[in-house]
Amino acid sequence: PLQVLVGEEALAPVAVGQLAPGQEETLEVRHLFKEAGPTVVKAMLDSSDDLPVDDVQELVVAVKKRLPVLLVDGNPSGGFFERAAGFTALALAPSAELVAGNKPEENYLMEPTVLPAPEITTLDDLEAYGVLVLADVVRLPARTAERVASYVANGGGLLILAGIRADGGFYNGWEGPDGAVCPVGLRDLEADPEGVHPAPATFDHETLVLFKDERASDLGQARISSFRRVTPDRAGSSVGARYTNGEPFLVGRNYGKGRVLLTTSGFDIRTGNLTTRQ
C-alpha cells in the first residue's frame with residue numbers, strides 16, 4: 001500500500017501491486033486542500049524491502065487560495081463587452097462588480113484584473129500574478145517584452161489571444177531567456193465570412209478535453225470569422241486543438257519554468273460568436 005499524508009491528515013491508502021525489477025507504476029490520489037499556504041505532502045510506501053530510505057518522499061506544496069490573473073486589454077475603448085478582455089475576465093469571475101470596473105466581492109477561484117494595454121509600462125508587480133493574458137495586444141514596448149519573457153521563464157503562465165490587432169512582426173521576433181516566446185510564428189489574418197469552427201475531435205490539450213464530447217458542450221458550434229494562420233511549429237511546441245479546416249486553434253509550449261499558450265483568434269465579439277456559446 002501507498003500511504004499519503006497531507007499535513008497531519010492521512011488519505012485512504014492506494015494499492016500499488018506487485019512490481020517487477022525496472023517496472024514503473026503511476027497512481028493518482030485526489031485531495032481538496034482546505035487551507036492556503038505551504039503544506040507538507042508525504043508519501044510512504046510499505047514495501048518491506050532492503051532499502052527503506054527511498055520508500056518515503058516529502059514535498060512542500062504552496063497551496064493558493066485564489067489564482068490572480070492579469071488581463072492586458074488590447075482594445076480598451078468602448079463598453080465592457082466590446083473590449084478584447086471583457087468576456088475572458090467575466091468567464092473567470094462572473095460578477096457584476098467586474099463589469100462595473102471593480103473587483104468582485106465574492107470569492108472566486110480566479111481573481112482577474114483587467115489593465116488597458118498602454119498602462120502595462122507602469123506595472124511594478126507583474127510577479128504578483130500567476131497568469132498573464134495578452135488579449136489582442138498589438139505589441140509590447142521592448143523593456144516590457146523583456147520583463148514578460150523573464151516572468152514566464154521564471155515560472156509564470158502566459159496566454160496570448162492573437163486577435164485582429166496583434167502585430168505578427170512583434171510576436172514573431174519576440175525573444176527571451178528561453179528563445180522565441182511564441183510557440184508558432186503568426187501569419188496574416190484570415191477572414192472567412194462563412195466562419196470556421198473549433199473541432200472537438202482535435203481537443204488534445206488538457207484544458208479542452210472536458211469539451212471534447214459534443215453532446216455536453218457547444219464549443220464546437222462556435223463560429224470564428226477571422227483567425228491567424230501560423231507557420232510550422234517551433235521547437236518544443238504542440239497543437240492542442242484545431243479548427244474544422246485543419247488550422248491550429250490552440251498551440252502551447254513550455255518556456256523555461258513557465259508555460260505559453262496561444263490561440264489564433266481573439267475571445268471577443270469582433271472575431272465571431274464564440275462569446276455567445278455556453
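**Pockets, a sheet and aromatic pairs**

Good morning. In the structure before you, β5 (67-73), α1 (86-92), β7 (131-135), β14 (248-255) and β15 (258-263) each contribute at least two residues to the lining of the largest pocket. I should say at once that this is a predicted model.

Let me stay with that pocket. Its volume is about 1,200 Å³. Which element gives the most to the lining of the largest pocket? That is α1, with five residues. In total, 27 residues line the largest pocket, and those nearest its centre are T88, A91, L92, F211 and F267. By residue class, the lining of the largest pocket consists of 19 nonpolar, six polar and two charged residues.

I turn now to the second largest pocket, which holds about 680 Å³ of space. Here 25 residues form the lining, with L2, V16, E25, L27 and L45 the closest to the centre. Two or more residues of this lining come from each of β1, β3 (37-45) and β4. The lining of the second largest pocket divides into 15 nonpolar, four polar and six charged residues.

The strands just named bring us to the sheet. Four strands make up an open sheet, in the order β2-β1-β3-β4, with antiparallel pairing. Why is one side of β2 and of β4 left without a neighbour in the sheet? Both β2 (9-10) and β4 (56-63) stand at the edges and have a single partner strand each, so one side of each lacks a neighbour there. For β2, the antiparallel connection to β1 (residues 2-6) is made by two bridges. In one part of that connection, V6 has E9 of β2 as its bridge partner.

Finally, the aromatic residues. A pair of aromatic rings is described by two quantities, the distance of the centres and the angle of the planes. How many aromatic pairs does the model contain? The count is seven. One of them joins Y171 and W174 in an edge-to-face arrangement, at 6.2 Å centre to centre and with 65° between the planes. Y171 and W174 are both buried. Another pair, Y243 with F249, is tilted: the centres are 5.2 Å apart and the angle between the planes is 45°. Are Y243 and F249 buried or exposed? Both are buried. In addition, F80, F81 and F87 together form one aromatic cluster.

Thank you for your attention.

Notes: Residues numbered from 1 in each chain as written. Predicted model: local features only at pLDDT ≥ 70, side-chain atom pairs only at ≥ 80, totals over all residues. Heavy atoms only, no water. Phe/Tyr/Trp six-rings, centres within 6.5 Å; stacked < 30°, edge-to-face > 60°. Buried < 20%, exposed > 50% of the residue type's maximum accessible area, 1.4 Å probe, protein only. Pairing = 2+ DSSP bridges. 1 Å grid on protein atoms, 1.4 Å probe; cavity = no way out; pocket = protein on both sides within 12 Å on 5 of 7 lines; lining within 4 Å. Points joined across faces, edges and corners; volume = space filled by probe spheres on them. Nonpolar A, V, L, I, M, F, W, Y, C, P; charged D, E, K, R; others polar.
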